[in-house]
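Got the viewer open and a selection tool ready? Let's take a walk through this one together, stop by stop.

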Amino acid sequence: MSILISIIIGGVSGWLAGKLMNSKFSLLGNIIIGLVGGLVGGILLGAIGLHGSGLLGNIIVGVVGACALIALGRAIKK
């Protein structure tokens, strides 16, 4: 059950990050960027002492990480 919840949170996080960063990903792309973004966001926010708890906290952490990944991808592409 927690894998399904993680996939849903990843999809929502990836979709929100795509909207914020004006990127277009497929559903699978949103899920992947959101899941990896959750890991990256956890590391980045954990480094400054912040941790997401609950559904909304996990989505925020995922969005922060996914936005960082999108920005990194754009910087590398240029």
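Start by selecting helix 1 and helix 3, which are oblique to each other because their angle falls in none of the named classes: under 35 degrees is roughly parallel, over 145 roughly antiparallel, 65 to 115 roughly perpendicular, and the rest oblique. Helix 1 covers residues 2-21 and helix 3 covers residues 54-77; they pack at an angle of about 50 degrees, with their axes 8 Å apart. Helices here are DSSP runs (H or I, at least four residues; strands would be E, at least two), numbered from the N terminus. Axes are lines fitted to C-alpha atoms, for helices over the stretch in contact, and angles run from 0 to 180 degrees between N-to-C directions.

Before going further, a word on what you're looking at: this is a predicted model, in which local features need pLDDT of at least 70, side-chain atom pairs count only at pLDDT 80 or more, and totals for chains, interfaces and linings use all residues. Residues are numbered from 1 along each chain as its sequence is written, and side-chain values use heavy atoms, with hydrogens and water left out.

**Stop 1: where helix 1 meets helix 3**

Turn the view until you can look across the two helices: the crossing of helix 1 and helix 3 is right-handed (the near helix is turned clockwise from the far one by less than a right angle; anticlockwise would be left-handed). On the helix 1 side of this contact, select I9, V12, S13, L16, A17, G18, L20 and M21. On the helix 3 side, add L55, N58, I59, G62, V63, A66, C67, I70, A71 and R74. Contact means heavy atoms within 4.5 Å. Colour the set by class and you'll get 13 nonpolar, four polar and one charged. For the colouring, Ala, Val, Leu, Ile, Met, Phe, Trp, Tyr, Cys and Pro count as nonpolar, Asp, Glu, Lys and Arg as charged, and the others, Gly among them, as polar.

Now pick out S13, in helix 1. Is S13 buried or exposed? At 1% relative accessibility, S13 counts as buried (buried is under 20% relative accessible area, exposed over 50%, partly exposed in between, with a 1.4 Å probe and protein chains only). Not counting residues up to four places away in sequence, S13 touches G34, N58, I59, G62, V63 and A66.

Slide along to M21, also found in helix 1. Leaving aside neighbours within four places in sequence, M21 is in contact with C67, I70, A71 and R74. Try a distance from M21 to V63: they are 42 residues apart in sequence and 10 Å apart in space, C-alpha to C-alpha.

**Stop 2: into the loop**

Next, select N22, in the loop between helix 1 and helix 2. N22 has a positive phi of about 55 degrees although it is not a glycine. At 64% relative accessibility, N22 counts as exposed.

S23 lies in that loop too, between helix 1 and helix 2 (27-47). S23 counts as buried, at 18% relative accessibility. Which residues does S23 contact, leaving aside neighbours within four places in sequence? They are G18, I70 and R74. Show side chains here: the side chain of S23 makes a polar contact with that of R74 (2.8 Å). A polar contact is a pair of N or O atoms within 3.5 Å; within protein, one must be able to donate a hydrogen and the other to accept it, and residues adjacent in sequence count only if both atoms are side-chain atoms.

**Stop 3: helix 1 against helix 2**

Bring up helix 1 with helix 2, whose axes come within 6 Å and cross at roughly 100 degrees. The two are therefore roughly perpendicular to each other. Select S6, I7, G10, G11, S13, G14 and W15 of helix 1 with N30, I31, I33, G34 and L35 of helix 2 to see the contact. By class, that is five nonpolar, seven polar and no charged residues.

Zoom in on G14, which is buried, with a relative accessible area of 0%. Its contacts, leaving aside neighbours within four places in sequence, are N30, I33 and G34. The C-alpha atoms of G14 and V63 are separated by 6.5 Å, although the two are 49 residues apart along the chain.

**Stop 4: helix 2 against helix 3**

Finish with helix 2 and helix 3, which pack at an angle of about 100 degrees, with their axes 6 Å apart. Their contact divides into 11 nonpolar, seven polar and no charged residues.
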